[in-house]
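Work through the exercises below with the sequence and the 3D structure open. Each task is followed by a solution in steps.

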Amino acid sequence: MQWRNSTERYGSLSMGLHWLMLLLLVAVYGCIELREFFPKGSEPREALKIWHYMLGLSVFVLVWLRLLSNITGQCGRSYWAD
Amino acid sequence: MHVAFYALMILMPLAGWLMLSAQGKPIPFFGLQLPALISESKELAKLIKEIHSTAGTVGYFLIGLHALAALFHHFVLRDNTLRRMLPIRPGSKPVPAASQPVAAQIKPVADASASEIGSTEQPATEHEANPGLSSAMAAERLKSDGYNELPRPDQRGFMRILFEVLRQPMFALLIGGGIVYLLMGDRIEALLLLMFAGLSVTITIVQETRSEKVLEALRT
């Protein structure tokens, strides 16, 4: 797969970052929503919170990579296939 | 809309970090312990927590909107926006990448007449199968539709781009928030917010200017 973006397909970098970000966001939201199922102070609740923090901070790390790849890489426009 | 995503992806973790700092709690990061950004303050922690969870709800809506927009592009506009991002090999025959984006921008009528005009100049064998337009018809279409060229809107200058960027609700919100913080006497918060507003504006202007240049390059 091509690393760079083209008008036909996004490159593997953009694509990877996009879907990885989706997974991360699902996990971040999931952790913080699911903690409600456990009583306050219980171990799984605390663990979910810790994961919410760590994965959220991972978003913060990755977003700069995304921004950089977005600014430097041509993304081009979509076209109509038919 | 993408700027809103970036703002959230940057500001949300930052708000979380600030919140934990203000609560005096440790900030874990895969075995590391990140430093507190601000000193302990129960009230500030409460305020950031409220903003953080409200923005979380906004995030849900944004993601939903983003997914809907992708489906809209795919099923209604029928372009390749969604397909381009899917990690699946494209099954259908690839369309020449270089010619397509240009073609998409040309007025459809002018494009149609131009390609028909073009076909009259093709080799004889193909000529018989597809006789194309007569010279008279071609001349007539040229008169009614004009040349086959990209539409030429006025080129936007820097100030125009800046104005258009600043008019977007997301920036207005950020800048408004910064001003509210300033009025409340919270200089650090105001600075932080305005700094990110400035960053977003800069990025957007850089991108707009670049696309402006690309469009210009396509015309010449």
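**Exercise 1: Positive phi in chain B**

B:Arg78 sits in the loop that joins H2 to helix H3 (81–85) of chain B. The model is a predicted one.

Task: State what the phi values of B:Arg78 and B:Phe30 are near, and find where B:Phe30 is placed.

Solution.
Step 1. Start from the general expectation: most residues other than glycine have a negative phi.
Step 2. For B:Arg78, phi is near 60°, which is positive although the residue is not glycine.
Step 3. For B:Phe30, phi is near 45°, again a positive value in a residue other than glycine.
Step 4. B:Phe30 belongs to the loop between strand S1 (27–29) and strand S2 (32–34) of chain B.
Step 5. The relative accessible area of B:Phe30 is 44%, so B:Phe30 is partly exposed.

**Exercise 2: Salt bridges**

Task: How many salt bridges are there over all chains, and which residues form a salt bridge with A:Arg35 and with A:Glu46?

Solution.
Step 1. Apply the cut-off: a side-chain nitrogen of Lys or Arg must lie within 4 Å of a carboxyl oxygen of Asp or Glu.
Step 2. The count over all chains is two salt bridges.
Step 3. A:Arg35 pairs with A:Glu36, and their closest N and O atoms are 3.4 Å apart.
Step 4. A:Glu46 pairs with A:Lys49 at 3.7 Å, N to O.
Step 5. Place the pair A:Lys49 and A:Glu46: both are in helix H2 of chain A, three residues apart, or about one turn of the helix.
Step 6. Now check accessibility. A:Arg35 has a relative accessible area of 18% and is therefore buried. A:Lys49 also has 18% and is buried, whereas A:Glu46, at 34%, counts as partly exposed.

**Exercise 3: Two residues and their contacts**

Task: Decide whether A:Phe60 is buried or exposed, do likewise for B:Ser200, and list what each contacts beyond its neighbours within four places in sequence.

Solution.
Step 1. The cut-off for buried is under 20% relative accessible area.
Step 2. A:Phe60 lies in helix H2 of chain A. Its relative accessibility is 14%, so A:Phe60 counts as buried.
Step 3. With neighbours within four places in sequence left aside, A:Phe60 is in contact with B:Met9, B:Ile10, B:Pro13, B:Leu14 and B:Trp17.
Step 4. B:Ser200 lies in helix H10 (residues 187–219) of chain B. At a relative accessible area of 12%, B:Ser200 is buried.
Step 5. With the same exclusion, B:Ser200 is in contact with B:Val3, B:Phe171 and B:Leu174.

**Exercise 4: The second largest pocket**

Task: Describe the second largest pocket by its volume, the elements in its lining and the kinds of residue there.

Solution.
Step 1. The second largest pocket holds about 910 Å³ of space.
Step 2. Its lining has 35 residues, and A:Ile32, A:His52, B:Met12, B:Met19 and B:His52 are the closest to the centre.
Step 3. Two or more lining residues come from each of these elements: helix H1 (12–34) and helix H2 (43–72) of chain A, and helix H1 (2–23) and helix H2 (42–77) of chain B.
Step 4. The most is given by H1(B), with 10 residues.
Step 5. By kind, the lining residues are 18 nonpolar, nine polar and eight charged.

**Exercise 5: The two chains side by side**

Task: Tabulate helices and strands, buried residues, long-range contacts and accessible surface for chain A and chain B.

Solution.
Step 1. Fill in the table, one property per row.

| Property | Chain A | Chain B |
|---|---|---|
| Helices and strands | two helices, zero strands | 10 helices, two strands |
| Buried | 45% of 82 residues | 30% of 220 residues |
| Share of contacts with a separation of 6 or more that join residues 24 or more positions apart | 53% | 54% |
| Accessible surface | about 4,800 Å² | about 14,200 Å² |
| Part of that surface from carbon and sulfur atoms | 67% | 67% |

Step 2. Add the order of elements in chain B, which along the sequence is α-β-β-α-α-α-α-α-α-α-α-α.

Technical notes. Residues numbered from 1 in each chain as written. Chains lettered and ligands numbered in written order. Predicted model: local features only at pLDDT ≥ 70, side-chain atom pairs only at ≥ 80, totals over all residues. Heavy atoms only, no water. 1 Å grid on protein atoms, 1.4 Å probe; cavity = no way out; pocket = protein on both sides within 12 Å on 5 of 7 lines; lining within 4 Å. Points joined across faces, edges and corners; volume = space filled by probe spheres on them. Helix = DSSP H or I, 4+ residues; strand = E, 2+ residues; numbered from the N terminus. Nonpolar A, V, L, I, M, F, W, Y, C, P; charged D, E, K, R; others polar. Buried < 20%, exposed > 50% of the residue type's maximum accessible area, 1.4 Å probe, protein only. Contact = heavy atoms within 4.5 Å. Areas by Shrake-Rupley, 256 points an atom, 1.4 Å probe, with all protein chains shown as cover.
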